[in-house]
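Work through the exercises below with the sequence and the model side by side. Each task is followed by its solution.

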Amino acid sequence: VISPDGKTLIVANAGSYKAYVMRISATGGLTEMESLQLPTKNGQSCVFSPDGTKAYYYSNSNLGKFPIHVLDITAPGKAAYHSSIEMSIPRGTSQLFGVDTLAIDPSGQYLFVSNPTVSGGVVEVTVINLATQTETAQLHCNGIPTGIAFATIE
């Protein structure tokens with residue numbers, strides 16, 4: 001995922017406790033890669049806050065925990081682990097690669113979380129209030145939602 005200012009790239013890394021954070025140069029090259037150690041493994045998706053100061057990294061750890069790790073973006077290409085948000089409903093026993101399972105609503109106030117896979121998935125989308133970093137709702141769906149996005153109108 002690329003930050004709103006186009007200067008930071010975060011790679012969700014399946015099978016590892018590390019996320020990779022890179023700086024994007026003015027010419028589009030990737031530089032200054034660092035690995036960021038996280039409390040759980042199996043990165044699924046990542047999304048930046050609209051202002052680019054935070055990133056939310058979804059870990060499908062298969063250890064009974066499915067946290068959203070909150071990362072502080074400290075400079076272009078630099079991130080630090082801040083905290084984790086635990087979700088109340090476990091979801092999935094594997095991962096779909098290339099599926100974005102996180103989206104921030106257009107107001108920038110809520111994080112929506114879908115399933116990392118159909119296998120063991122649930123029929124809900126979790127809604128997290130970003131100001132309080134707490135789960136505020138479970139939206140019931142028809143079927144198992146795996147990807148999520150908000151359209152932008154320009």
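**Exercise 1: a sheet and its edges**

The model has an open sheet of four strands, in the order β8-β9-β10-β11, paired antiparallel. Strands are DSSP runs of E with at least two residues, numbered from the N terminus, and two strands pair if DSSP finds at least two bridges between them. This is a predicted model, in which local features need pLDDT of at least 70 and side-chain atom pairs count only at pLDDT 80 or more, while totals for chains, interfaces and linings use all residues. Residues are numbered from 1 along each chain as its sequence is written, and side-chain values use heavy atoms, leaving out hydrogens and water.

Task: state which strands stand at the edges of this sheet, and why one side of each lacks a neighbour.

Solution.
1. The edge strands are β8 (102-104) and β11 (134-140).
2. Each has a single partner strand, so one side of each is left without a neighbour in the sheet.
3. β8 is joined to β9 (residues 110-113) by three bridges, and the two run antiparallel.
4. Across this pairing, I104 stands opposite L111 in β9.

**Exercise 2: an aromatic pair**

Task: find the one aromatic pair of the structure and describe its geometry.

Solution.
1. Rings of Phe, Tyr and Trp (its six-membered ring) pair if their centres lie within 6.5 Å; planes under 30 degrees apart are stacked, over 60 edge-to-face, and the rest tilted.
2. F112 and F150 form the pair, with 5.2 Å centre to centre and 75° between the planes, which is edge-to-face.
3. The pair links distant parts of the chain, 38 residues apart: F112 lies in strand β9 and F150 in the segment after β11.
4. Buried means under 20% relative accessible area, exposed over 50%, and partly exposed in between (1.4 Å probe, protein chains only).
5. F112, at 15%, is therefore buried, whereas F150, at 35%, is partly exposed.

**Exercise 3: the surroundings of S45**

Task: is S45 buried or exposed, and which polar contact joins its side chain to that of T101?

Solution.
1. S45 is in strand β4 (residues 43-48).
2. With 3% relative accessibility, S45 is buried.
3. A polar contact is a pair of N or O atoms within 3.5 Å; within protein, one must be able to donate a hydrogen and the other to accept it, and residues adjacent in sequence count only if both atoms are side-chain atoms.
4. The side chains of S45 and T101 are joined by such a contact of 3.0 Å.
5. The side chain of S45 also reaches the backbone oxygen of V99 at 3.1 Å.
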